[in-house]
Amino acid sequence: MSLFLAEKGPGFTVGRKLEKLGYKGIDSAELLFSDYRIAADRLIGGEEGRGLQQALGGLELGRINVAARGVGVAQAALDEAVAYSQLRKTFSNPICEHQAIQLKLGDMATEVAAARLLVAHAAAAYDRGERCDMEAGMAKLFASEAAVKISLEAMRIHGGYGYSKEFTVERLYRDAPLLVIGEGTNELQRIIIARQLIARNRV
């Protein structure tokens with residue numbers, strides 16, 4: 001397998017745009033190739049047969065990137081929930097004074113902090129040039145799951161308003177699920193983590 005940098009031209013067209021649940025700011029579309037010819041100098045890396053290694057080589061960084069995005073979505077959802085819980089009142093008191101809401105906020109804040117530390121740990125290993133597929137997998141797994149969970153909890157704290165497009169949490173709730181799929185599903189991350197755990201702790 002080899003990778004090439006392909007530019008639009010005869011035989012290469014962009015098909016229909018794909019409508020997505022979230023991530024509306026980034027277009028997704030079909031790419032159509034028919035009798036497409038590409039010059040040999042468009043080979044990425046200058047060496048044939050390195051395509052798979054090149055693609056796999058970007059996965060660690062890609063997973064750290066997805067994990068960081070997970071932290072961003074989770075933090076944004078937490079921020080929205082903390083602010084709204086102070087503004088929304090029931091029985092003349094802000095809902096942030098209710099123990100049920102405090103329990104949610106406490107868990108959400110803890111998970112955001114833990115996700116951020118896992119991302120920092122994986123990124124530091126990557127920057128040192130160390131193999132970090134397990135660390136990247138852990139960060140991606142935890143941070144993306146936290147984004148899904150925390151965006152849902154933020155929506156619940158907002159009540160009915162959280163389901164309307166007037167509030168940011170609705171968009172965060174739609175954006176979060178892509179993170180558990182992209183750069184390898186979270187089921188795959190669990191397998192990678194387990195395999196590396198065994199490989200690094202042979203008895």
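How are α2 and α4 oriented relative to each other, roughly parallel or roughly antiparallel? Keep that in mind while you set up the view. The model on screen is predicted.

**Stop 1: α2 and α4**

Select α2, residues 59-87, and α4, residues 133-158. Look along the two axes. They come within 7 Å and cross at roughly 25°. Angles under 35 degrees count as roughly parallel. α2 and α4 are therefore roughly parallel to each other. The handedness of this crossing is left-handed.

**Stop 2: α4 and α5**

Keep α4 and add α5, residues 168-181. The axes of α4 and α5 come within 8 Å, with a crossing angle of roughly 160°. Over 145 degrees counts as roughly antiparallel. So α4 and α5 are roughly antiparallel to each other. Here too, the crossing of α4 and α5 is left-handed.

Now show side chains along this contact. On the α4 side, select K140, S144, E145, A147, V148, S151, L152, A154, M155 and H158. They meet a set of α5 residues: V169, E170, L172, Y173, A176, P177, L179, V180 and I181.

**Stop 3: the largest nonpolar core**

Which residues have the most contacts inside the largest nonpolar core? Select L105, M108, I150 and I157. The core they belong to has 22 residues. Colour the helices next. Those giving two or more residues to this core are α2, α3 (99-127), α4 and α5. α2 provides the largest share, with seven residues.

Zoom in on L105. Leave aside residues up to four places away in sequence. L105 then touches L78, A81, V82, S85 and I157.

A second core lies apart from the largest one. This other core has 11 residues. Select V119, C132, A139 and A143, which are among them.

**Stop 4: D133**

Go to D133, in helix α4. Is this residue buried or exposed? Its relative accessibility is 14%. Under 20% means buried, so D133 counts as buried. Show its contacts, again setting aside residues up to four places away in sequence. D133 touches E60, I192, Q196 and R200.

**Stop 5: the aromatic pairs**

Switch to the rings. The model has five aromatic pairs. Start with F12 and F33. Their rings are stacked, at 4.3 Å centre to centre and 15° between the planes. Trace the chain between the two. F12 sits in strand β1 (residues 12-17) and F33 in strand β2 (residues 29-33). The two residues are 21 residues apart, and their pair links distant parts of the chain.

Turn on the surface. F12 is buried, with a relative accessible area of 8%. F33 is partly exposed, at 48%.

Stay on F12 and add Y36. What kind of aromatic pair do F12 and Y36 form? This pair is edge-to-face. The centres are 5.6 Å apart, with 75° between the planes. Y36 lies in the loop between β2 and α1 (51-57), so its pair with F12 in β1 ties together parts that are 24 residues apart in sequence. Y36 counts as partly exposed, at 23% relative accessibility.

Finish by selecting F12, F33 and Y36 together. These residues form one aromatic cluster.

How values were computed: Residues are numbered from 1 along each chain as its sequence is written. This is a predicted model: local features need pLDDT of at least 70, side-chain atom pairs count only at pLDDT 80 or more; totals for chains, interfaces and linings use all residues. Side-chain values use heavy atoms; hydrogens and water are left out. Rings of Phe, Tyr and Trp (its six-membered ring) pair if their centres lie within 6.5 Å; planes under 30 degrees apart count as stacked, over 60 as edge-to-face and the rest as tilted. Helices (H or I, at least four residues) and strands (E, at least two) are DSSP runs, numbered from the N terminus. Buried means under 20% relative accessible area, exposed over 50%, partly exposed in between (1.4 Å probe, protein chains only). A nonpolar core is a set of buried Ala, Val, Leu, Ile, Met, Phe, Trp, Tyr and Cys residues joined through side-chain atoms within 4.5 Å. Contact means heavy atoms within 4.5 Å. Axes are lines fitted to C-alpha atoms, for helices over the stretch in contact, and angles run from 0 to 180 degrees between N-to-C directions. Angles under 35 degrees count as roughly parallel, over 145 as roughly antiparallel, 65 to 115 as roughly perpendicular and the rest as oblique. A crossing is left-handed if the near helix is turned anticlockwise from the far one by less than a right angle, and right-handed if clockwise.
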